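Here are a few worked exercises to go through with the model open beside you. Try each task before you read its solution.

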Amino acid sequence: MKILITGGAGFIGSHVVRLFVNKYPNYTIHNLDKLTYAGNLANLSDIEKKPNYAFVKGDIVDAGFINELLNREKYNAVIHLAAESHVDRSITNPLEFVMTNVIGTVNLLNAAKTLYKAANSSFTKFYHVSTDEVYGALGDEGMFTESTSYDPHSPYSASKASSDHFVRAYHDTYGLPVVISNCSNNYGPNHFPEKLIPLCINNIKHNRPLPIYGKGENVRDWLFVEDHATAIDKIFHKAKLGSTYNIGGHNEWTNIDVIRLLCDMMDSKLGRPAGTNQKLITFVKDRAGHDLRYAIDATKLKNDLGWVPSVTFEQGLERTVDWYLNNEEWLNNVTSGNYSNYYNEQYVKR
Ligand code: NAD
Ligand code: DAU
């Protein structure tokens, strides 16, 4: 197997690349990434010298480059994670999300289709990694299943929904062998600290305010990133072509409860008196179009493929906090420069 993984220098992609490189020494893994602000090769320093791994720098929006790469390397499969992934940035700059998430995905689909249709083709699968946000927002009851209608609200989720539709269209129209998974909110090591959990870990460390949108009552279903990677591994190898799987942790929390738990955990880790960090909680202007609640029903994945999450939220959060406290250099590097400017601008505007 020679597999192209896109977005492998990002948060989830780096965990998927690591899992595949270590678990399948007979596979060749190419990691294609543009290295945007969210891409960081330091995420893969432990495996970068492995003989079955190579990094390819490039932009999925560049159709000529993508066609040439897939035609030259004749991959057997693509696992597509590259995306613009932050909802707040999509509100500021929607077009960038259309370019990468929609046009970039269609460029990859076109190049994969050419490989698949070639004589003696050995192209077996296009695996598209998507999000639960395509289903929209839930009220107090219910969960997203694989047959829930799409109802995206943010420019980010609209772009991901569009990319999912294109992937299914290439299956139905051209017979391209595809698989899609839609996952809930991930957390864990290497998460870029503009997202809620790593942002607050970093701010607690520096005694800075913890910006909670609205009243903090929005609910997210949190999954440890390594569990997402094992689900992708199972789905990649075992799912029926053309199928979709929801991935989630059955682990719903309001934002305010997540941050209170984090504050208390970090009080004891940083040797601060109980209750110190909760004083940093600051309610700020709500996100525009803020989805109230996400909750994934992952029964199909459990019943068909036997996947369940391996850690509780408390275990995963503790591993995450420890990782950030032990990887100060990583955190300092990614919070300097452009990111720092972006963060400061956004925060001042609230
Ligand atoms: P991320 O922002 O951390 O990483 C995205 C990666 O894609 C980065 O390495 C970036 O450099 C690369 N990239 C961006 N634009 C590119 C381009 N034009 N060409 C090539 N590479 C490019 O994102 P993430 O949180 O790891 O998410 C990965 C995927 O999983 C995304 O498709 C996202 O929609 C999906 N997803 C994320 C979550 C989550 O909670 N983070 C949950 C479900 C699904
Ligand atoms: O559900 C899966 C999605 O989860 C992924 O597809 C996205 O790529 C990923 O970014 C994530 O989206 P969210 O918008 O849910 O994640 P974020 O960390 O930005 O926000 C989590 C919740 O916390 C959300 O309700 C908004 C809130 N929030 C976020 C930030 C950054 C705050 O209250 N304050 C903040 O500063």
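**Exercise 1. How much area do domain 1 and domain 2 bury between them, and what share of it is on carbon and sulfur atoms?**

Step 1. Start with the yardstick: the size of an interface is often given as the accessible area lost when the parts come together. Here that loss is taken with a 1.4 Å probe and summed over both parts.

Step 2. Read off the value: domain 1 and domain 2 bury about 1600 Å² between them, with 55% of it on carbon and sulfur atoms.

Step 3. Check which stretches are meant. Domain 1 is 2-190 + 222-251 + 294-311, and domain 2 is 196-216 + 253-290 + 318-349; these bounds come from an automatic or database domain assignment.

Step 4. Count the partners: 19 residues of domain 1 touch 17 residues of domain 2, where contact means heavy atoms within 4.5 Å. Over C-alpha atoms, the two domain centres are 27 Å apart.

A word on the ground rules: this is a predicted model, where local features need pLDDT of at least 70 and side-chain atom pairs count only at pLDDT 80 or more, while totals for chains, interfaces and linings use all residues. Residues are numbered from 1 along each chain as its sequence is written, chains are lettered from A and ligands numbered from 1 in the order in which they are written, and side-chain values use heavy atoms, leaving out hydrogens and water.

**Exercise 2. Where does ligand 2 lie with respect to the two domains, and why?**

Step 1. List the neighbours, meaning residues with a heavy atom within 4 Å. Ligand 2 has 24 of them, and the closest are Thr131, Asp132, Tyr156, Arg287 and His290.

Step 2. Ask who supplies this shell. Because both domain 1 and domain 2 give residues to it, ligand 2 lies between them.

Step 3. Look at the polar contacts (pairs of N or O atoms within 3.5 Å). A polar side-chain atom of Asp132 sits 2.5 Å from an oxygen atom of ligand 2. For Tyr156 the distance from a polar side-chain atom to a ligand 2 oxygen is 2.6 Å, and for Arg287 it is 2.6 Å.

Step 4. Finish with the cover: the protein hides 94% of the 680 Å² of accessible area that ligand 2 has on its own, by the Shrake-Rupley method with a 1.4 Å probe.

**Exercise 3. Which backbone atoms meet oxygen atoms of ligand 1?**

Step 1. Get the shell: 28 residues surround ligand 1, with Ile12, Asp33, Ser85, Tyr156 and Lys160 the closest.

Step 2. Go through the backbone. A backbone N or O atom of Ile12 is 2.7 Å from a ligand 1 oxygen. Polar backbone atoms of Gly10 and Thr36 also come up, at 2.9 Å and 3.0 Å from an oxygen atom of ligand 1.

Step 3. Check the cover: of the 830 Å² of accessible area that ligand 1 has on its own, the protein covers 97%.

Note on methods
A polar contact is a pair of N or O atoms within 3.5 Å; within protein, one must be able to donate a hydrogen and the other to accept it, and residues adjacent in sequence count only if both atoms are side-chain atoms. Buried area is the accessible area (1.4 Å probe) that two parts lose on being put together, summed over both.
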